[in-house]
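Visitor: I would like a close look at one part: the largest cavity and the residues that line it. Then lead me outward from there.

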Amino acid sequence: MPEQVAEAVLPESVTADSGMAPSEPGPVADHDDIYCTGEIRRDHRKTDLYIANEEQEKKIGLTEGDLVYLNGGSEGNRVQAGQVFQVIVKQEEVFHPVTDKWLGTYVHRAGLVKVLAVQENTAIAQITESCGDRIEVGFELEPAREIPVPEYREVPFSKLDVEPSGKANGYVVRLQDGRSEAFTGNVVDVDLGSGDGLKPGDILQIYVSSTPPAERRVKYRYKWKDRLYKSLDLRKEDSDLLYPRKPIGHLMVLTTGEKTSTVKILYTIREVEVGTKVEVR
């Protein structure tokens, strides 16, 4: 028998906190969401080209406008004047929060450099964009590429949308920027990718599983004026019931790898953590 759902009438305070998308949404992702985050890569190898030296030897951390020297030049047509490279830095190895299996290496995009002059085996470049983090000598370079940004589309959110979609389920496996919790507008990574049929612009539901109610830690039992007062015990006769999951928000896929994807939280009614469950809608 199909589930019967009636329209819920909620108090104004609950409706305001229901996680609904704004009536006039902005773009789904800004420049920093795409070019100043990163991705989990299963096949990351050291690049041939990197920042080999700097103009200001004693400066701690390089930023926008600084000149740097690259370890490649015109020989072998490795570097050309005017070419733009993405600065990347290898960070931590990422393991699945549930299975503990290795998912890949997290590679962070740290900024852009533009080649100004080319010598035979070296080149002079300028940092044209820095993502707030310090860029260091030794950071790797790869050709800059345009990453398409999916268009925002409003997807109604309902706390009553508890039926599984029948599509792939997964988990949040990493939070960006070293966060311990993520909220609306933050970028996170999930363990679903193009191999699961995901593509930029797809929507995922965020949800948590229902757990049995916990016994109250403090109980009372006392008699006063010939009356006995005692705390209510939990009823056990229906303890085997499987209660519906709890939808808490939606994600939109920004970029995909084969096994993982970078996604943005469109809206959520509570914090999102590593290990929070997601499902393709």
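Guide: Start with the term. On a 1 Å grid over the protein atoms alone, a cavity is a set of points where a 1.4 Å probe fits but cannot get out. Lining residues have an atom within 4 Å of a point. Grid points are joined across faces, edges and corners, and a volume is the space filled by probe spheres set on the points.

A word on the source. This is a predicted model, in which local features need pLDDT of at least 70 and side-chain atom pairs count only at pLDDT 80 or more, while totals for chains, interfaces and linings use all residues. Residues are numbered from 1 along each chain as its sequence is written, and side-chain values use heavy atoms, with hydrogens and water left out.

Now the cavity itself. The rule yields one cavity of 30 Å³ or more. The largest cavity has a volume of about 40 Å³. Its lining is Tyr 35, Arg 41, Gln 86, Arg 109, Glu 142, Arg 145 and Ile 147. Sorted by class, that lining has four charged, two nonpolar and one polar residue. Here Asp, Glu, Lys and Arg count as charged; Ala, Val, Leu, Ile, Met, Phe, Trp, Tyr, Cys and Pro count as nonpolar; the others, Gly among them, are polar.

Compare the open space. A pocket is an open set with protein on both sides within 12 Å along at least five of seven lines. The largest pocket has a volume of about 350 Å³. Among its lining residues are Ser 210, Pro 212, Arg 235, Lys 236, Asp 238 and Tyr 243. This lining has six nonpolar, three polar and three charged residues.

Next, the strands. They are DSSP runs (E, at least two residues), numbered from the N terminus. Two strands pair if DSSP finds at least two bridges between them. Six strands form a closed barrel, in the order β8-β9-β14-β13-β10-β15, with antiparallel pairing. Neighbouring strands of this sheet are turned by 45° on average, direction ignored. The axes are lines fitted to C-alpha atoms, with angles running from 0 to 180 degrees between N-to-C directions. Within the barrel, β10 (residues 203-208) and β13 (residues 246-256) pair antiparallel over six bridges. Leu 204 stands opposite Leu 251 in β13.

Then the rings. Rings of Phe, Tyr and Trp (its six-membered ring) pair if their centres lie within 6.5 Å; planes under 30 degrees apart are stacked, over 60 edge-to-face, and the rest tilted. The structure holds three aromatic pairs. Phe 157 and Tyr 267 are edge-to-face, 6.0 Å centre to centre with 70° between the planes. This pair links distant parts of the chain: Phe 157 is in the loop between β7 and β8, Tyr 267 is in β14, and they are 110 residues apart. Phe 157 and Tyr 267 are both buried. Buried means under 20% relative accessible area, exposed over 50%, and partly exposed in between (1.4 Å probe, protein chains only). Tyr 222 and Tyr 229 have ring centres 5.3 Å apart and planes at 20°, so this pair is stacked. Tyr 222 is partly exposed at 43%, and Tyr 229 is partly exposed at 29%. Tyr 220 joins Tyr 222 and Tyr 229 in one aromatic cluster.

Technical notes: Helix = DSSP H or I, 4+ residues; strand = E, 2+ residues; numbered from the N terminus.
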